[in-house]
Amino acid sequence: MRIILLGAPGSGKGTQSQLLMKSHGVPQISTGDLLREAVAKRTALGLRAKSAMDAGRLVDDATVLGMIRERLTQPDAAEGFILDGFPRNIAQAEALDVLLRELAKPLEAVVLMDLDLKVLFKRLTGRRICEDCGRVFNILTAPPGTPPHCPKCGDSPRLIQRPDDKEEVIGKRLDVYEAQTKPLIEYYEAAGLLRVVNADAPVEAVFANLQAAVGAAAPVTAVD
Ligand code: AMP
């Protein structure tokens, strides 16, 4: 499996990539995760990327492309990959085409996770990460009256909000998506690779549609 999950921030790319990774045994390659890791470790790359990330802007192409080249040439990506959050603009898509041609590993599909902007906003403002188990969930979809808590660990863990999920940054990230990332829909449609999945549905239903879209027969094994 060699695919891209395309979609606005909050469309569920991360969650669905993880499920695909479990059922297909190929790595999820998330440029957002790689960048956050670099920021947390305070590497030179991380320090360079941080201000753009905090402001909801894209990190420069050269930095991201260097990171992707290194990641795609690691042994675990030899049998396939799920790209999540990359490419984010036409220049990155063109560079990816060149790299994959070089590696003789052409893309099989690009799946657009389709979701209304209003739903995206709610998903992003409510998104929290449990510091104990790393689970990502939404406090706005919990039953009314329930205090925010991790569905797995309960009330005690600390819940983290990504700095770029704060309301004032979300607008900027969605603008960047509209202006820079959305043109990729046409780009991959023209290449005959685009599939569209309705992402406004429960996780399991989206996953079933995603499996169908990538033509995978593998059963759903873990959706907890
Ligand atoms: P994400 O977790 O995919 O929403 O990414 C979080 C942030 O990391 C984005 O708002 C960008 O600042 C940066 N980022 C992630 N992927 C890319 C990319 N492919 N190109 C440029 N910046 C990126």
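## A walk around the model

Start by selecting Glu178 and Lys182, whose side chains meet in a salt bridge with an N to O distance of 3.5 Å. Keep in mind as you go that this is a predicted model. Colour by accessibility and both partners come out as partly exposed: Glu178 has a relative accessibility of 35%, and Lys182 has a relative accessible area of 36%. Next, pick Arg127, Arg162, Asp164, Asp165 and Arg173 together; salt bridges that share partners join these five side chains into one network. Searching the whole structure turns up twelve salt bridges, so there are a couple more stops to make.

**Across the loops**

Now select Arg158 and Glu131. Their side chains form a salt bridge, at 3.1 Å from N to O. What makes this one worth a stop is that it links distant parts of the chain, with the two residues 27 apart. Show the ribbon to see where each sits: Arg158 is in the loop between strand S6 (136-138) and strand S7 (159-160), while Glu131 is in the loop between strand S5 (127-130) and S6. Arg158 is exposed, with a relative accessible area of 53%, whereas Glu131 is partly exposed at 44%.

**A salt bridge and the pocket it belongs to**

Move on to Glu37 and Lys41. Here the side chains meet in a salt bridge, 3.3 Å from N to O. Glu37 counts as partly exposed at 42% relative accessibility, and Lys41 is exposed, with a relative accessible area of 59%.

Leave those two selected and add Leu34, Ala38, Thr43, Leu45, Gly66, Met67, Glu70, Arg71 and Gln74: along with Glu37 and Lys41, they line the second largest pocket. The space in this pocket is about 210 Å³. Which helices should you highlight around it? Helix H2 (31-40) and helix H4 (61-72) each supply at least two residues of the lining. H4 gives the largest share, with four residues. Colour the lining by class and you get four nonpolar, three polar and four charged residues.

**Into the enclosed space**

Rolling a probe the size of a water molecule over the atoms shows where empty space is left. For this model, the count is one cavity of 30 Å³ or more. The largest cavity has a volume of about 50 Å³. To frame it, select Ile4, Leu5, Leu6, Gly7, Lys13, Gly85, Phe86, Pro87, Arg88 and Thr181, which line the cavity. Which strand gives the most to that lining? Turn on strand S1 (residues 2-6), which contributes three residues. By class, the cavity lining has five nonpolar, three polar and two charged residues.

**Last stop: two tyrosines**

Finish with the rings. A search of the whole structure finds one aromatic pair. Select Tyr187 and Tyr188: the ring centres are 5.0 Å apart and the planes stand at 90°, so the pair is edge-to-face. Angles over 60 degrees count as edge-to-face.

Before you close the viewer, check the surroundings of each ring's residue. Is Tyr188 buried or exposed? Tyr188 counts as buried, at 1% relative accessibility. Its neighbour in the pair, Tyr187, is partly exposed, with a relative accessible area of 22%. The cut-off for buried is under 20%, so Tyr187 at 22% falls outside that class.

How values were computed:
Residues numbered from 1 in each chain as written. Predicted model: local features only at pLDDT ≥ 70, side-chain atom pairs only at ≥ 80, totals over all residues. Heavy atoms only, no water. Phe/Tyr/Trp six-rings, centres within 6.5 Å; stacked < 30°, edge-to-face > 60°. Buried < 20%, exposed > 50% of the residue type's maximum accessible area, 1.4 Å probe, protein only. Salt bridge = Lys/Arg side-chain N within 4 Å of Asp/Glu carboxyl O. 1 Å grid on protein atoms, 1.4 Å probe; cavity = no way out; pocket = protein on both sides within 12 Å on 5 of 7 lines; lining within 4 Å. Points joined across faces, edges and corners; volume = space filled by probe spheres on them. Nonpolar A, V, L, I, M, F, W, Y, C, P; charged D, E, K, R; others polar.
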